[in-house]
Amino acid sequence: MKTYRELLDRRAEFDLYSPEWNELTGLIDAYVRAQIIAGHMEFASMLVCDFCDLIEDGSYATDPKFKEECDKYIAWFRKWNMGRYADELTEAIEQTRGG
């Protein structure tokens, strides 16, 4: 958990979608996915909570890159038979659409 949060904090030092921000995002994704695949499901829960907060704040509807990242995680969770997490993200999206 500490490394994930440290990487997020470090990413905040850079402009959104700058090369440095994108590089740190790649590291965060790889780290989190490795932890989840290794069975550390607290990382899946944490990721979903972080994404749901951003979805509720309107990022899914207003930020195409965030929407793309979120959709990729939904597909990734389904690919690895973790539909529960994909469903949580999908439900959060539907709630913001009034559905």
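Colleague: Is phenylalanine 77 buried or exposed?

Modeller: Happy to start there, keeping in mind that this is a predicted model. The relative accessibility of phenylalanine 77 is 0%. Buried means under 20%, so phenylalanine 77 counts as buried.

Colleague: What kind of pair do the rings of phenylalanine 77 and tyrosine 85 make?

Modeller: Tyrosine 85 is itself buried, with a relative accessible area of 6%. The ring centres of phenylalanine 77 and tyrosine 85 are 5.4 Å apart, with 35° between the planes. Stacked would need planes under 30 degrees apart and edge-to-face over 60, so this pair is tilted.

Colleague: Which residues do ring pairs link into a cluster?

Modeller: The structure holds nine aromatic pairs. Ring pairs join phenylalanine 77 and tyrosine 85 to further aromatic residues, and the full cluster is Phe51, Phe66, Tyr73, Trp76, Phe77, Trp80 and Tyr85.

Colleague: How many residues apart are tyrosine 31 and phenylalanine 43?

Modeller: These two form an edge-to-face aromatic pair, 5.7 Å centre to centre with 85° between the planes. Tyrosine 31 belongs to helix 2 (residues 19–37) and phenylalanine 43 to helix 3 (residues 41–56). The pair therefore links distant parts of the chain, and the separation is 12 residues.

Colleague: And what is the relative accessible area of tyrosine 31?

Modeller: Its partner, phenylalanine 43, counts as buried at 3% relative accessibility. Tyrosine 31 is instead partly exposed, with a value of 22%.

Colleague: Which residue lies over the face of tyrosine 73?

Modeller: Tyrosine 73 is one of the cluster residues. At 4.4 Å from its ring centre, over the face, lies arginine 33.

Methods. Residues numbered from 1 in each chain as written. Predicted model: local features only at pLDDT ≥ 70, side-chain atom pairs only at ≥ 80, totals over all residues. Heavy atoms only, no water. Phe/Tyr/Trp six-rings, centres within 6.5 Å; stacked < 30°, edge-to-face > 60°. Helix = DSSP H or I, 4+ residues; strand = E, 2+ residues; numbered from the N terminus. Buried < 20%, exposed > 50% of the residue type's maximum accessible area, 1.4 Å probe, protein only. Lys NZ or Arg CZ within 6 Å of the ring centre and 35° of its normal.
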